[in-house]
Amino acid sequence: MLMIRPSFDTLYEALMARDPSYDGRVFVGVSSTGIFCRLTCPARKPKRENCTFYDTVGECIEAGFRPCMRCKPTTPEASADPVVKSLIEALEKRPGYRWGEPDLVRMGLDPSTVRRAFKRHFGMTFLEMARQRRLQEGFSTLAGGGKVIDAQITAGFESPSAFREAFAKILGQAPGSFSQDPLLVADWVSSPLGPLIAVTDSTQLHLLEFLDRKALPAEFKKLLAFSKGRIGFGRTEVTDQIQEELDHFFAGRNGVFETRLALHGSAFTRDVWRELLKIPAGETRSYSDLARTLGKPEAVRAVARANGANQIAIVVPCHRVLGADGSLTGYGGGLWRKQRLIELEQSYGCQSRSA
C-alpha cells in the first residue's frame, strides 16, 4: 500500500496555495508545457485540465515530462538554496564557533532572509542549528571521557552555568549528574536532518531522538528510571552500527535497519511499534489501517498515541503514518523532517517496484 492519494481537487487546491505539506511527496505534470514541478513551484499556475499528479519524480519522467528549471524538483530543496548551502558548509568548518547575526552581515547576508530560509527548509533558524552543533561538540567531549569544563569550552560556552542550562534543556539533566558506572550510555549521531541522541547498551538501541524533540527530556527520564539512574556518556558498537545504517539510509543505499531495539512501553504500545516496523520504506499507512491490522479498528486514537510515544526515530518509522486523506499529521521531530523522510523514501519505493 502506497500513500493514500488525496483527491484531484485536494491536490489542485494545494498546488494553487503552494501548500508545503505535499512538497516532495506529490508532483504535478503540466501537459501544456511538458514539464513537472513541485506543488510549491513559484511559476504561474496551470489550468486544471492540464494537470496530472504523480507520487514520484520517476513517474513524471516516465510519463515524458521534463523537470522545471525554477523549482528544480529533482534536487533536494535545501541543497539548491545557495544561502543555505554556504552557511551549512561554514558551520561544518567551524562547529564550535558562536555564530551571531553580525557574522551573517559580514558575509553579505541579510539575517531575516537567512532566518526565513532555514525555517522553511529545516524548521529552525541557522543560529538555533549552530547552537545545536556546538552542543554536539561538547557531547562528544563528554562521551570521550572529557571533563565537563572541557566540554563547555569545546562547545563555545563562556560560563559553566550556561552550558549546564543548555544541556539540561535537551536531556533534563545537567552533565555532572551522569553516572560514572553506567548501564546505558549516551552519545550523539549525525544525520542530514540534524543530530540525534542515541542511548545504547552493549547489544541494543534504547533511544534515538532528534536533539530538539520536545519530548526528549521526558523520554530520557523514563530511561533513567529503567536504569536506576545509571546512564553515562559513551559509545558502544551499537552506536557505531546505527550511525553506519543511518549513513546508508540517507545516502539512498539501504532502507532496512538491523540494529537490535529495546522497546520500552506497554504491551499495546509495543504491538503498534512492531506494526510500524513492518511498513516498508517508500510506503505509508493511516492510523485506521494500523488499528485494523491490530484487530482493534475502534482503537484509532490509542494507535495515534502509541505512534506519538515512539522514542526510536526513523528506525521505528512513525513518520510513515499519515492522515486518512494522505496529509501530513503530527510528528515529534517536526513536520519538515517527516516530509523530508517521506520524500527520501520514495526512491526506495521505486526500487522495490522495479525489482
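Helix H9, residues 216-226, lies across E5, strand E6 (196-200), E7 and E8. Its direction is at about 165 degrees to that of E7. Keep in mind as you look around that this is a predicted model.

Now for the sheet under that helix. Which order do its strands take? The order is E7-E6-E5-E8, in an open sheet of four strands with mixed pairing. Strand E7 (205-210) and strand E8 (231-233) are the edge strands, and each has a single partner, so one side of each has no neighbour in the sheet. From one strand to the next, the twist averages 25 degrees.

The mixed pairing shows up nicely if you follow E5, which covers residues 184-189. With E8, E5 pairs in the parallel sense over three bridges. With E6, E5 pairs in the antiparallel sense over five bridges. You can pick out individual partners too: Leu 184 is bridged to Ile 231 in E8, and Ala 186 has Phe 233 as its bridge partner in E8. Ala 186 also stands opposite Val 199 in E6, so this one residue of E5 is a handy place to look both ways across the sheet. How covered is E5? Six of its six residues are buried. In a regular strand, side chains alternate between the two faces of the sheet. E5 shows this directly: Leu 184, Ala 186 and Trp 188 point one way, Val 185, Asp 187 and Val 189 point the other way, and all are buried. The hairpin of E5 and E6 has six residues between the strands, and one of its residues, Gly 194, takes a positive phi near 115 degrees.

Step back along the chain from E5 and you reach the loop that joins helix H8 (160-171) to E5, where Ala 174 sits. Is Ala 174 buried or partly exposed? Its relative accessibility is 22%, and it therefore counts as partly exposed; the cut-off for buried is under 20%. Leaving out neighbours within four places in sequence, Ala 174 is in contact with Arg 164, Phe 167 and Ala 168. If you want a distance to check, the C-alpha atoms of Ala 174 and Ser 161 are 9.7 Å apart, with their positions 13 residues apart along the chain.

Going the other way, past E8, there is helix H10, residues 237-250. Does its length add up with what you would expect, and what should its 14 residues span? At 1.5 Å a residue they should span 20 Å, and the end C-alpha atoms are 20 Å apart, which agrees. The buried residues of H10 are Val 238, Thr 239, Ile 242, Gln 243, Glu 245, Leu 246, Phe 249 and Phe 250. Looking down the axis of H10, you find these buried residues within an arc of 165 degrees, so they line one face of the helix. The spacing behind this is general: an α-helix has 3.6 residues a turn, so residues three or four places apart point the same way.

Both ends of H10 are worth a click. At the N-terminal end, Thr 236 acts as a cap, with a side-chain oxygen 3.1 Å from the backbone nitrogen of Val 238. After the helix comes Gly 252, with a positive phi near 80 degrees.

Finally, jump to the start of the chain and helix H1, residues 8-17. Leu 11, Tyr 12, Ala 14 and Leu 15 are buried here. They cover an arc of only 155 degrees around the axis, which puts them on the same side of H1. Glu 13 and Ala 17, on the other side of H1, are exposed. What covers the buried residues? The cover includes strand E1 (27-30), strand E2 (35-38) and strand E3 (51-54). H1 lies across these three strands, E1, E2 and E3, and runs at about 100 degrees to E3. Following H1 is Arg 18, whose phi is positive, near 50 degrees.

Those strands belong to another open sheet of four strands, with the order E3-E1-E2-E4 and mixed pairing. E3 and strand E4 (66-67) stand at the edges with a single partner strand each, so one side of each is left without a neighbour in the sheet. E1 and E3 pair in the antiparallel sense over four bridges, and one of the residues to look for is Phe 27, whose bridge partner in E3 is Tyr 54.

Key: Residues are numbered from 1 along each chain as its sequence is written. This is a predicted model: local features need pLDDT of at least 70, side-chain atom pairs count only at pLDDT 80 or more; totals for chains, interfaces and linings use all residues. Side-chain values use heavy atoms; hydrogens and water are left out. Helices (H or I, at least four residues) and strands (E, at least two) are DSSP runs, numbered from the N terminus. The expected span of a helix is 1.5 Å times one less than its number of residues. Buried means under 20% relative accessible area, exposed over 50%, partly exposed in between (1.4 Å probe, protein chains only). The arc is that of the directions from the helix axis to the C-beta atoms. A polar contact is a pair of N or O atoms within 3.5 Å; within protein, one must be able to donate a hydrogen and the other to accept it, and residues adjacent in sequence count only if both atoms are side-chain atoms. Two strands pair if DSSP finds at least two bridges between them. Axes are lines fitted to C-alpha atoms, for helices over the stretch in contact, and angles run from 0 to 180 degrees between N-to-C directions. Contact means heavy atoms within 4.5 Å.
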